[in-house]
Amino acid sequence: MEEFLEPSPMTRQKQDLAWKHCQMFKEGKKTYLKCIYCGKMFKGGGIHRLKEHLAGRKGGGPMCRSVPPDVRLWTQQYLDGVIGKQNSQQLKIQEEASIVNLPSSEEGMLSNPFGNFEGTPGTRRKKDVGWKHCEMLRNEKRVQIKCNYCAKLFKGGGIHRFKEHLAGRNSSGVRICTRVPSNVRVLMQQHLSPIVAWQRKKRKSNQEKLHNVHSLPSGEDLDIFADHSDEVNTSPEAAAGCNLAEVNSDFLLDEEGTSNENLGKRKSRGGKTTSAIALAAAHDADVMGPGLEKADNAIHVTMGRFLYDIGASLDALDSSFFQPLIDAVFSGQSGIAAPSHQDFRGRILKSLVEEVKSDIEQHKTRWAKTGCSLLVEEWDSGSGLTLLNFLVYCSKGTVFLKSVDASNLIYSTDGLYELLKQMVEEVGAGNVLQVITNGEEHYVTAGKKLMDAFPSLYWAPCAARCIDQILEDLGKLEWINAVLEQAKSVTRFVYNNSAVLNLMRKFTSGSDIVRRGVTHSATNFTALKQMADFKLNLQTMVTSQEWMDCPYSKQPGGLSMVDVISNRSFWSSCISIIRLTNPLMQVLETVSSEKRAAMGYVFSGIYRAKESIKRELVKREDYMVYWNILDHRWEQQWQTPLHAAGFFLNPKFFYSIEEDMHNKILSRMFDCIERLVPGTEVQDKIVKELTLYKNAEGDLGRKMAIRARDTLLPADWWSAYGGACPNLARLAIRILSQTCSSIGCSHNHIHFEKVYRTRNCLQRQRLSDLVFVQYNLRLRQMVDGNKKQIPEDPISFDNISIIEDWITQNDLSLEDYGSSDWMSLVPPSVNTMPLVPSTDESEDVATGFDDFEIFNGLKEV
């Protein structure tokens with residue numbers, strides 16, 4: 001037919017985007033449309049019918065089978081939007097017209113609720129989609145609706161209430177149908193969405209009008225930089241109206257969905273004032289079902305957790321793309337209103353502050369039972385501002401209490417002592433077992449004064465920082481530094497050329513050969529181990545034909561990389577370094593972990609580290625070089641007897657020693673008893689109970705208890721089997737429930753400095769609360785462990801600061817940008833295995849503690 005038709009050019013009036021997907025033909029005065037994908041001709045219906053054809057909707061003729069998926073999706077979304085706009089008001093009127101004027105109470109039903117009813121056929125007026133899923137029953141003049149799926153009987157509310165029943169919406173208090181098919185539920189949700197959206201839009205508009213006319217700005221939600229002096233009405237009536245409107249300002253709608261502001265437009269009888277109008281509005285808000293608003297509030301608070309956690313600027317909420325994002329995320333629940341900038345600065349932030357405070361109150365109950373550690377984290381802005389963050393650790397997790405500007409007192413021993421003393425008293429001196437800070441001299445002096453003031457606690461330096469310093473000293477040894485530089489030359493070349501990086505990831509199945517560690521110094525050895533794990537993969541790559549054909553294989557950097565990867569001596573040195581440092585890396589991971597308390601494992605970790613060094617180097621003159629480095633840094637830690645006591649009380653280690661416990665360990669256990677247990681009678685009982693522990697008497701010697709030494713956490717083991725020695729068990733649980741590190745969580749996008757640079761008191765308080773929420777949400781994630789396993793890209797922005805020595809070139813020229821096509825990069829993957837087993841041999845080391853040279857090497861205090 002189309003060969004007899006004359007193609008017609010599109011006019012400037014044809015601005016609908018769908019015209020791009022069809023051809024227009026004319027035959028006299030008649031116009032035809034032809035789909036450019038399947039060739040289907042349309043004699044009528046216009047562009048709307050063509051869009052139904054592309055979208056696969058009924059009514060547009062046969063569905064187009066050749067339309068691209070993105071075009072089909074676009075037309076579907078377009079049609080949904082058009083239908084929603086056109087029908088929202090009509091659907092609302094139709095819903096109200098279909099409501100039967102019956103009592104809403106469902107009480108007093110007969111034992112046989114359908115016995116006195118007869119079926120009523122649907123009339124031609126009943127065109128609503130909901131009538132297909134119910135049955136109308138009539139008892140004289142009363143008409144009721146029966147659900148076809150769960151047989152629930154509705155005495156009032158009409159078809160709208162029944163559709164809420166099927167859709168799973170409980171905004172009107174109706175019980176949700178549990179037997180409705182999923183496709184029917186989705187259909188009802190889609191059918192109700194335009195109505196809900198219209199109600200929300202109307203409610204928000206009326207709420208804003210009511211707020212502007214009758215209420216005062218709340219003190220906490222004011223824009224603190226705006227001048228409201230000309231707008232404030234200070235009359236008692238206006239103030240009362242403001243307070244009442246704030247209670248449920250989101251709910252000020254009557255059952256018709258219209259604003260209660262209309263009350264103020266009516267002629268008042270008896271002289272109603274503004275406060276009376278607000279009171280009536282608040283009363284109507286209570287009468288209205290708040291379920292829908294509560295659901296919105298829960299969604300808004302969830303959004304708040306995410307945005308506060310990532311440190312997003314709240315100005316981003318003013319973006320025109322924010323509401324489309326909400327609509328896309330909640331596509332199954334259209335009508336969800338995006339919270340405003342003021343919502344996040346006001347009610348949502350207040351809600352999360354209260355939530356975090358509630359969590360801290362729950363932690364406080366654990367502090368009294370198992371004791372806690374006060375952690376002091378120093379943060380330097382780099383611009384002269386020094387903050388001290390105070391956190392509290394217990395077996396339930398870590399919480400952030402406050403941040404204090406210590407710029408003027410950080411090097412004042414007396415000032416630092418007074419601040420630490422104040423925080424100990426705030427947490428509770430009877431709850432705090434130890435205060436952990438950095439190990440600098442001013443902290444040492446203040447810590448000693450603190451121990452004199454509180455005879456039942458210890459001051460301790462951060463074990464994680466101590467181990468990091470040991471790794472830093474080891475990395476400065478000449479031969480280790482040379483190997484690290486060779487490895488860095490390989491990774492720098494790989495991670496600065498997209499083609500080489502893609503080829504490497506192809507041969508490692510998407511894995512990276514660089515991985516960051518807990519600290520900057522630890523990253524050197526973590527990255528070296530990661531590279532050694534993929535030794536065979538890298539050697540296979542540089543001998544492949546793909547590498548030979550790669551233009552970078554002929555460049556100086558490529559040739560140097562091949563020399564390193566092919567060098568047996570390099571890989572042999574890598575393995576030696578990993579064996580020397582891997583036990584220390586494990587200790588660092590242990591003390592930095594939130595998964596388990598570290599106190600029962602640190603001492604044994606240091607023992608294993610020295611044991612590995614001795615086994616690797618054999619000769620005393622060789623391994624003593626490394627032992628001296630370790631002892632020099634660890635001497636300060638050895639002054640704290642808690643580590644030795646944790647080793648003594650850990651049944652996994654205690655019962656693995658065949659001979660008597662070393663005297664130095666036992667002596668430090670006695671130190672802890674005398675300091676942490678104030679009563680002499682209880683001290684004597686604990687000493688007697690040590691014999692039961694040593695001989696594994698009572699429940700301690702049960703087969704279950706013996707098996708559990710290796711499977712239960714030490715504190716849990718004492719809680720389960722320590723009933724025969726309750727005083728010792730209580731002390732053991734308190735010691736074994738502590739951490740050894742003051743390192744908190746990542747500070748990315750937490751605006752500590754902004755709080756103290758702000759000169760407005762109200763804004764500073766708000767920012768302080770924001771930091772309070774942010775930090776605690778980060779800490780909560782560390783304990784929950786709900787994060788998905790996502791591969792870390794070494795060249796991502798957040799990683800680059802700690803790992804930059806391994807991926808950044810010393811000199812970057814303009815020519816280097818020609819090979820830096822980031823858009824062509826293959827993303828890293830997760831859960832890939834190297835072609836060779838991991839070089840981690842920590843599980844193969846001996847389990848005993850019988851090398852007294854290691855114990856004797858521990859320095860006396």
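The following is a short exchange of questions and answers about a predicted model.

Colleague: What should be known about the numbering and the cut-offs first?
Modeller: Residues are numbered from 1 along each chain as its sequence is written, and side-chain values use heavy atoms, with hydrogens and water left out. This is a predicted model, where local features need pLDDT of at least 70 and side-chain atom pairs count only at pLDDT 80 or more, while totals for chains, interfaces and linings use all residues.

Colleague: How many helices and strands are there in the protein chain?
Modeller: Helices (H or I, at least four residues) and strands (E, at least two) are DSSP runs, numbered from the N terminus. Counted this way, the protein chain has 33 helices and 13 strands.

Colleague: What percentage of the residues of the protein chain count as buried?
Modeller: Buried means under 20% relative accessible area, exposed over 50%, and partly exposed in between (1.4 Å probe, protein chains only). The protein chain has 861 residues, and the share of them that count as buried is 46%.

Colleague: How many residues of helix α3 are buried?
Modeller: Helix α3 spans residues 158-167 and is mostly covered. Its buried residues include charged types such as Arg-161, Lys-163 and Glu-164. The count for α3 is 10 of its 10 residues.

Colleague: Which residue follows α3, and has a positive phi?
Modeller: The phi in question is near 80°. The residue that follows α3 is Gly-168.

Colleague: Where do the buried residues of helix α19 lie, seen down its axis?
Modeller: Helix α19 covers residues 556-565, and its buried residues are Gly-558, Met-561, Val-564 and Ile-565. Seen down the axis, they fall within an arc of 120° (taken from the directions from the helix axis to the C-beta atoms). They therefore line one face of the helix.

Colleague: Which exposed residues does the face of α19 turned away from its buried side carry?
Modeller: The buried side of α19 packs against α14 (478-494), α17 (535-542), α18 (545-549) and α20 (568-591), where contact means heavy atoms within 4.5 Å. The face turned away from that side carries the exposed residues Pro-556 and Asp-563.

Colleague: Which residues have the most contacts inside the largest nonpolar core?
Modeller: A nonpolar core is a set of buried Ala, Val, Leu, Ile, Met, Phe, Trp, Tyr and Cys residues joined through side-chain atoms within 4.5 Å. The largest one has 170 residues, and its largest share, 11 residues, comes from α20. The residues with the most contacts inside this core are Val-591, Trp-718 and Ile-735.

Colleague: How many residues are in the second, separate core?
Modeller: This core includes Val-143, Val-174, Cys-177 and Leu-192. Its size is 17 residues.

Colleague: What is the order of the strands in the open sheet of five strands?
Modeller: Two strands pair if DSSP finds at least two bridges between them. The edge strands are β11 (397-405) and β13 (458-461), each pairing on one side only. The pairing is mixed, and the order is β11-β10-β9-β12-β13.

Colleague: Do β9 and β12 run parallel or antiparallel, and which way does β9 pair with β10: what are the two senses?
Modeller: Strands of a sheet pair through backbone hydrogen bonds, either parallel or antiparallel. Four bridges join β9 to β12 (residues 432-437), with Leu-375 and Ile-436 as bridge partners, and eight bridges join β9 to β10. The pairing of β9 with β12 is parallel, and that of β9 with β10 is antiparallel.

Colleague: Which residue in β11 stands opposite Tyr-393?
Modeller: Strand β10 (residues 386-394) pairs with β11 in the antiparallel sense over eight bridges. Tyr-393 is also the bridge partner of Ser-373. In β11, the residue opposite Tyr-393 is Thr-398.

Colleague: Where is Ala-151, which has a positive phi although it is not a glycine?
Modeller: The phi of Ala-151 is about 65°, and the residue is partly exposed, with a relative accessible area of 34%. Its place is in the loop between β7 (142-147) and β8 (153-154).

Colleague: Why is there no disulfide between Cys-64 and Cys-38, and what is the total count?
Modeller: A disulfide is a pair of cysteine sulfur atoms within 2.5 Å. The sulfur of Cys-64 is 3.8 Å from that of Cys-38, its closest cysteine sulfur, so the two are too far apart for a bond. The sulfur of Cys-466 is 8.8 Å from its closest, in Cys-462, also too far. By this rule the count of disulfides is zero.
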